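Work through these exercises with the structure open beside you. Try each task before you read its solution.

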Amino acid sequence: MKAPPQADQPVLCIAGPTASGKTAAALQIAEQARRQGESVELISMDSALVYRGMNIGTAKPSLEERAQVPHHLLDILDPAQPYSAAQFAADARRLIDDIRRRGARPVIVGGTMLYLKALQSGLAELPQADPTVRAEIDAEAARLGWPALHVRLAEVDPVTAARLAPHDAQRIQRALEVWRLSGKPLSAHFADGPSAQPPQAPSGGPPLRLLSLEPSDRGVLHERIARRFDQMLAAGFLDEVQSLRQRGDLSPALPSIRAVGYRQAWQFLDGSIDAAQFRDQAIAATRQLAKRQITWLRSMPQREIHDCLKPLQIQVF
């Protein structure tokens with residue numbers, strides 16, 4: 001067994017758009033470490049994988065995959081509970097220390113880029129969510145549609161509106177909420193917040209080594225997204241969402257149900273859209289998510305780019 005990882009060693013972070021093969025890459029790297037006499041533990045950086053009972057639509061690692069290497073931050077919350085980027089950063093920092101004390105190497109893996117930003121450089125101080133304001137915005141959206149609210153957002157915060165799709169309900173709502181509560185655009189809050197720093201993990205701790213899995217051909221990734229969604233449907237995704245609906249305490253207002261795919265499945269089961277619209281809208285939303293993730297990654301010049309459409313060939317440890 002090699003010497004335990006030191007506090008000044010970089011923390012490996014595997015990031016990339018949805019369907020880029022992050023889990024497979026993490027397992028490959030864990031096996032690589034095992035062959036060299038080291039052990040790895042994975043820290044999930046995904047805002048949907050934290051929820052119990054949301055397995056198929058989140059492409060959560062299987063029980064077999066979890067048996068190969070310890071995973072953290074999976075199934076830690078009920079879908080009715082919130083989870084924030086700040087909470088992730090605190091949990092990840094604690095886990096990094098715990099894993100190193102056990103003599104293993106922590107590896108962060110996931111595609112929630114706001115979580116990565118929180119871990120790297122912290123977040124701007126934003127107003128707390130206000131149920132009354134959110135209800136008002138939701139009522140306007142029900143009457144006018146989210147594209148109309150996207151136009152309104154562009155009038156008060158063109159920077160944020162430019163990076164959001166017209167149907168990105170969750171983010172449009174939050175941006176409008178911040179504007180109404182503070183009188184200040186969301187983009188201005190971020191501009192005034194912590195400046196971008198070299199990627200840091202725990203305060204005073206080691207830097208992150210960021211491996212970015214990006215497609216050399218966006219069209220191939222789009223095909224992969226569609227194929228994976230059809231596989232989810234065949235695996236019982238709609239049954240999974242129906243089970244969540246039958247609880248009676250969940251709604252599309254919750255972050256968990258707003259996750260890509262779940263929101264569209266909820267609408268289909270409500271009868272708001274038909275089967276063809278459900279499939280098309282879910283795949284389109286997933287592709288939009290991938291586009292946003294790639295945009296985030298391209299703003300990080302320190303990343304090491306690896307083509308996610310080719311086998312990962314890299315010696316990490």
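**Exercise 1.** Find where Asp 280 sits, and decide how open to solvent Asp 280 is.

*Solution.* This is a predicted model. Step one: locate the residue. Asp 280 belongs to helix H13, which covers residues 275-298. Step two: read the relative accessible area. For Asp 280 the value is 49%. Step three: apply the cut-offs. Buried means under 20%, exposed means over 50%, and partly exposed is in between. Asp 280 is therefore partly exposed. Step four: look across the chain. Ala 226 is 54 residues away from Asp 280 in sequence, yet their C-alpha atoms are separated by 9.0 Å.

**Exercise 2.** Do the same for Val 151: name its helix and class its accessibility.

*Solution.* Step one: Val 151 is part of helix H6, residues 146-156. Step two: its relative accessibility is 47%, so Val 151 counts as partly exposed. Step three: pair Val 151 with Ile 172. In sequence they are 21 residues apart; from C-alpha to C-alpha the distance is 9.9 Å.

**Exercise 3.** Which residues of helix H12 are buried, and what do the buried residues pack against?

*Solution.* Step one: H12 runs over residues 262-270. Step two: list its buried residues. They are Tyr 262, Arg 263, Gln 264, Ala 265 and Trp 266. Step three: find the partners. The buried residues of H12 pack against helix H11 (237-246) and H13. Step four: check what follows the helix. Just after H12, Gly 271 has a positive phi of about 90°.

**Exercise 4.** Is Ser 256 buried or exposed, and which residues does Ser 256 touch?

*Solution.* Step one: Ser 256 is in the loop between H11 and H12. Step two: its relative accessible area is 1%. The limit for buried is under 20%. Ser 256 is therefore buried. Step three: leave out residues up to four places away in sequence. Ser 256 then touches Tyr 51, Met 54, Pro 79 and Tyr 262.

**Exercise 5.** Inspect the phi angles of Ala 59 and Leu 73. Then class the accessibility of Ala 59 and of Leu 73.

*Solution.* Step one: recall the usual sign. Most residues other than glycine have a negative phi. Step two: read the angles. Ala 59 has phi near 55°, a positive value. Leu 73 also has a positive phi, near 65°. Step three: place both residues. Ala 59 is in the loop between strand E2 (40-44) and helix H2 (63-68). Leu 73 is in the loop between strand E3 (71-72) and H3. Step four: class them. Ala 59 has a relative accessible area of 33%, so Ala 59 is partly exposed. Leu 73 has 7%, so Leu 73 is buried.

**Exercise 6.** Describe the largest nonpolar core: which members touch the most others, and which element supplies the largest share?

*Solution.* Step one: start from the general trend. In soluble globular proteins, nonpolar side chains tend to be buried together. Step two: count the members. The largest nonpolar core holds 52 residues. Step three: pick out the best-connected members. Ile 43, Met 45, Tyr 83, Phe 88, Ile 108, Leu 116 and Phe 237 touch the most other members. Step four: trace the sources. Elements that each give at least two residues include strand E1 (11-15), helix H4 (113-121), strand E5 (208-214) and helix H10 (218-234). H3 gives the largest share of this core, with seven residues.

**Exercise 7.** Sum up the whole fold: how many helices and strands are there, and how compact is the protein?

*Solution.* Step one: the protein has 13 helices and six strands. Step two: compare sizes. The radius of gyration is 20 Å, close to the 20 Å from the globule rule for 317 residues, so the protein is as compact as a globular protein of that length. Step three: check burial. Of the 317 residues, 48% count as buried. Step four: look at contacts with a separation of 6 or more. Residues 24 or more positions apart account for 76% of them.

Note on methods:
Residues are numbered from 1 along each chain as its sequence is written. This is a predicted model: local features need pLDDT of at least 70, side-chain atom pairs count only at pLDDT 80 or more; totals for chains, interfaces and linings use all residues. Side-chain values use heavy atoms; hydrogens and water are left out. Helices (H or I, at least four residues) and strands (E, at least two) are DSSP runs, numbered from the N terminus. The radius of gyration is taken over C-alpha atoms; the globule rule is 2.2 Å times the number of residues to the power 0.38. Buried means under 20% relative accessible area, exposed over 50%, partly exposed in between (1.4 Å probe, protein chains only). Contact means heavy atoms within 4.5 Å. A nonpolar core is a set of buried Ala, Val, Leu, Ile, Met, Phe, Trp, Tyr and Cys residues joined through side-chain atoms within 4.5 Å.
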